[in-house]
Amino acid sequence: MQPNPAPDGPRSPARRPTIKDIARRAGVSESAVSFALNGRPGVSERTRERVRRVAEQAGWRPSTAARALSGEGAATVGLVLARPARTLGVEPFFLRLISGVQQVLAERRLGLLFQVVEDVEAECAVYRHWWAEHRVDGVLMVDPRADDPRPGVLESLGLPGVVIGGEACGPGLSAVRADDAGAMAEVVGHLHGLGHRRIGHVAGLPGLAHTERRIASLRAEAGRRGLAVRSLTTDYSDAEGAAATRRLLAGEPRPTALVYDNDVLAAAGVAEAAGQGLAVPRELSLVSWEDSALCRMVHPWLTALARDPMDFGDRAARELTRLLDGAASRTARLPLPRLTVRESTGPPEPE
């Protein structure tokens, strides 16, 4: 009787194909493979196509570490968020923004390196660290501020970047910007047309460029239309949204409409109004700057500006890949978001 065969031992990990493997299969030298795969002169187009075809069939991919050491890039872009980490779980905007970014990066086989830090100074330190270690080929910069040091740091490092929500500010730095002033004018125009003359504004983080633009636009529209307005800044959380709502509603005379800088703040405002026994929209109209499923999960459904954060992320990532491909920097402007009118806005009660 033959003995049972010994059980199979642990399998060896699959070996990645190398340039030497590609050269042997394509019948060319290793240097010819390197020239062909890196787009360098020195081989014919026929050889270049044959090498690329063999490499694709073999499942060959360039080593990120090797590309960095040779100066050919890291095949990765970076995104640093200088915000309190506790606020990220309650605001869906950034998750949807990153989803849009990731769609474009996946098309280009680029990775995304994401880091959360406490402040802008720490963010600048991360950029210097990434540059020194060849960790990223470019960055996406969010939350532009007045007197922002980050563009200067990126420019000094020669690190391409896209400022999301700002303006192009030098060679290698593009921007993708929304029309915050135009959007606020649209919201105020809607409320003014309904008869509202006292409007409160629950804004986002102080010091951010888009927060300041929205506050300034609200004041400008108020001056032009003869309205009374007041803005309060928050950290975008539901807790601060509720607290700011209480402060605004405690004013005399009470505002008849409130505008919120995101959907989380607006949903907190709905709950606070209900807690105070105020009927929406008969006694208080509410508008959300961001539209999402959350705006349709509260009662009444919220009037909101319909803009897609995924599209914002898509445009920003495409602008960055343009820069990485050698294009000139520019400012790309997004279309004016459309105001979707729902049950949370209506004429105020006669006084």
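Visitor: What makes Asp291 and Arg342 count as buried?

Guide: Asp291 is buried, and Arg342 is as well, where the word means under 20% relative accessible area, with exposed for over 50% and partly exposed for values in between (1.4 Å probe, protein chains only). The relative accessible area of Asp291 is 10%, which is under 20%, and therefore Asp291 is called buried. This is a predicted model, in which local features need pLDDT of at least 70 and side-chain atom pairs count only at pLDDT 80 or more, while totals for chains, interfaces and linings use all residues. Residues are numbered from 1 along each chain as its sequence is written, and side-chain values use heavy atoms, with hydrogens and water left out.

Visitor: Why is the meeting of Asp291 and Arg342 called a salt bridge?

Guide: The term asks for a side-chain nitrogen of Lys or Arg within 4 Å of a carboxyl oxygen of Asp or Glu. For Asp291 and Arg342 the N to O value is 3.0 Å, which is within 4 Å, so the pair qualifies. The partners come from distant parts of the chain, 51 residues apart, with Asp291 in the loop between β9 (285–288) and β10 (303–306) and Arg342 in the segment after β12 (338–340).

Visitor: How do you know that Asp291 and Arg296 also form a salt bridge?

Guide: Their side chains meet at 3.8 Å, N to O, which is again within 4 Å, and so this pair passes too. Arg296 has a relative accessible area of 36%, which falls between 20% and 50%, so Arg296 is called partly exposed.

Visitor: How many salt bridges does a search of the whole structure find?

Guide: The search finds 22. One of the pairs is Glu123 with Arg150, whose closest N and O atoms are 3.0 Å apart. This pair also links distant parts of the chain, since Glu123 lies in helix α6 and Arg150 in helix α7, 27 residues apart. Glu123 has 0% relative accessibility, and therefore counts as buried, while Arg150, at 1%, is buried as well.

Visitor: What makes the contact between Thr47 and Ser44 a polar one?

Guide: A polar contact is a pair of N or O atoms within 3.5 Å; within protein, one must be able to donate a hydrogen and the other to accept it, and residues adjacent in sequence count only if both atoms are side-chain atoms. The side chains of Thr47 and Ser44 make their contact at 3.0 Å, which is within 3.5 Å, and so the distance fits. Thr47 lies in helix α3 (residues 45–58), and its relative accessible area of 16% is under 20%, so Thr47 is buried.

Visitor: Why are β3 and β4 called a pair?

Guide: Helices (H or I, at least four residues) and strands (E, at least two) are DSSP runs, numbered from the N terminus, and two strands pair if DSSP finds at least two bridges between them. Strand β3 (residues 138–141) and strand β4 (residues 161–164) have three bridges in the parallel sense, so the condition is met. Within this pairing, Met141 stands opposite Val163 in β4.

Visitor: Which strands make up the open sheet, and in what order?

Guide: The six strands follow the order β2-β1-β3-β4-β5-β11, with parallel pairing. The strands β2 (111–117) and β11 (331–333) are called edge strands, as each pairs on one side only.
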